[in-house]
Amino acid sequence: MNIFKFVAAVLLVVGLAGCGAKSKFQSYNGPEVTHVLIQKENRKMYLFHKDRVLKSYDVDLGFTAEGHKQFEGDGKTPEGVYRIDRRNPNSAFHLSIGISYPNEKDIAFALAHGKSPGGDIFIHGQPNGERRVGRPDWTAGCISVTNREMEEIYAMVKNETWVTIKP
């Protein structure tokens, strides 16, 4: 009879463990993501391992998507080559990974015009407590995906990964 109590207890523990909230932090054991390509015109993001596409995603961009970000508040998503330079597990947008905008060229251009280049450009999920999927180009210049996709991207893309953003 004791074996039955033991088995029942184990099944109860396993069952209760499955009732917990799903973590937004995934693990990834596949090929290294060596490059992220964002094509603004197509609203697509591709994660590459060398020359092979591992995953692709539909994205939303800044509210004034056309053109390169030049100044704070212009609503444009930057264009150029950057790096993933930070991670925010407590983002107001589910999860986020930072893009190294502005670079020296971006800063010099903005300052030459007496303005700030802005900053805080991220690849991120949806606003916490809100769902914006289906509302195109709503960010202040960031790249947005669904929360489920962001969980995958957050696990796959490491700091120092190259990011190319094309028009």
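What share of the 167 residues in the protein chain is buried? The answer is 38%. Keep in mind that this is a predicted model.

Let's start with the fold. The protein chain has 3 helices and 8 strands. Read along the sequence, the order is α-β-β-β-β-β-α-β-β-α-β. Now the contacts. Take those in the protein chain with a separation of 6 or more. Of these, 59% are between residues 24 or more positions apart.

On to the surface. The protein chain exposes about 9,700 Å². Carbon and sulfur atoms supply 56% of that area.

Next, the backbone. Here is some background. Most residues other than glycine have a negative phi, and most peptide bonds are trans. With that in mind, look at three places.

First, R43. Its phi is near 55 degrees, a positive value, and R43 is not a glycine. Where does R43 lie? You will find R43 in the loop between β1, residues 35–39, and β2, residues 44–49. Is R43 buried, exposed or partly exposed? R43 counts as partly exposed, because its relative accessibility is 29%, and partly exposed covers the range between 20% and 50%.

Second, K50. This residue also has a positive phi, about 55 degrees, and K50 is not a glycine either. K50 sits in the loop between β2 and β3, and β3 spans residues 52–58. K50 is exposed, because its relative accessible area is 63% and exposed means over 50%.

Third, the peptide bond between Y101 and P102. This bond is cis, with omega at about 0 degrees. P102 belongs to the loop between β5, residues 96–99, and α2.

Stay with helix α2, which covers residues 104–112. What caps its N-terminal end? N103 does. A side-chain oxygen of N103 lies 3.1 Å from the backbone nitrogen of K105. Now go past the helix. Just after α2 comes G114, with a positive phi of about 70 degrees.

Last topic: pockets. Rolling a probe the size of a water molecule over the atoms shows where empty space is left. How much space lies in the largest pocket? About 280 Å³. The lining of this pocket is made of 19 residues. Which lie nearest its centre? They are G119, D120, F122, A140 and C142. By class, the lining has 7 nonpolar, 9 polar and 3 charged residues.

To recap the places to find in the structure: R43 and K50 with their positive phi, the cis bond at Y101 and P102, and N103 capping α2. Then find the largest pocket, with G119 and D120 among the residues nearest its centre.

How values were computed: Residues are numbered from 1 along each chain as its sequence is written. This is a predicted model: local features need pLDDT of at least 70, side-chain atom pairs count only at pLDDT 80 or more; totals for chains, interfaces and linings use all residues. Side-chain values use heavy atoms; hydrogens and water are left out. Helices (H or I, at least four residues) and strands (E, at least two) are DSSP runs, numbered from the N terminus. Buried means under 20% relative accessible area, exposed over 50%, partly exposed in between (1.4 Å probe, protein chains only). Contact means heavy atoms within 4.5 Å. Accessible areas come from the Shrake-Rupley method with a 1.4 Å probe; for residues, only the protein chains shown count as cover. A polar contact is a pair of N or O atoms within 3.5 Å; within protein, one must be able to donate a hydrogen and the other to accept it, and residues adjacent in sequence count only if both atoms are side-chain atoms. On a 1 Å grid over the protein atoms alone, a cavity is a set of points where a 1.4 Å probe fits but cannot get out, and a pocket is an open set with protein on both sides within 12 Å along at least five of seven lines; lining residues have an atom within 4 Å of a point. Grid points are joined across faces, edges and corners, and a volume is the space filled by probe spheres set on the points. Ala, Val, Leu, Ile, Met, Phe, Trp, Tyr, Cys and Pro count as nonpolar, Asp, Glu, Lys and Arg as charged, and the others, Gly among them, as polar.
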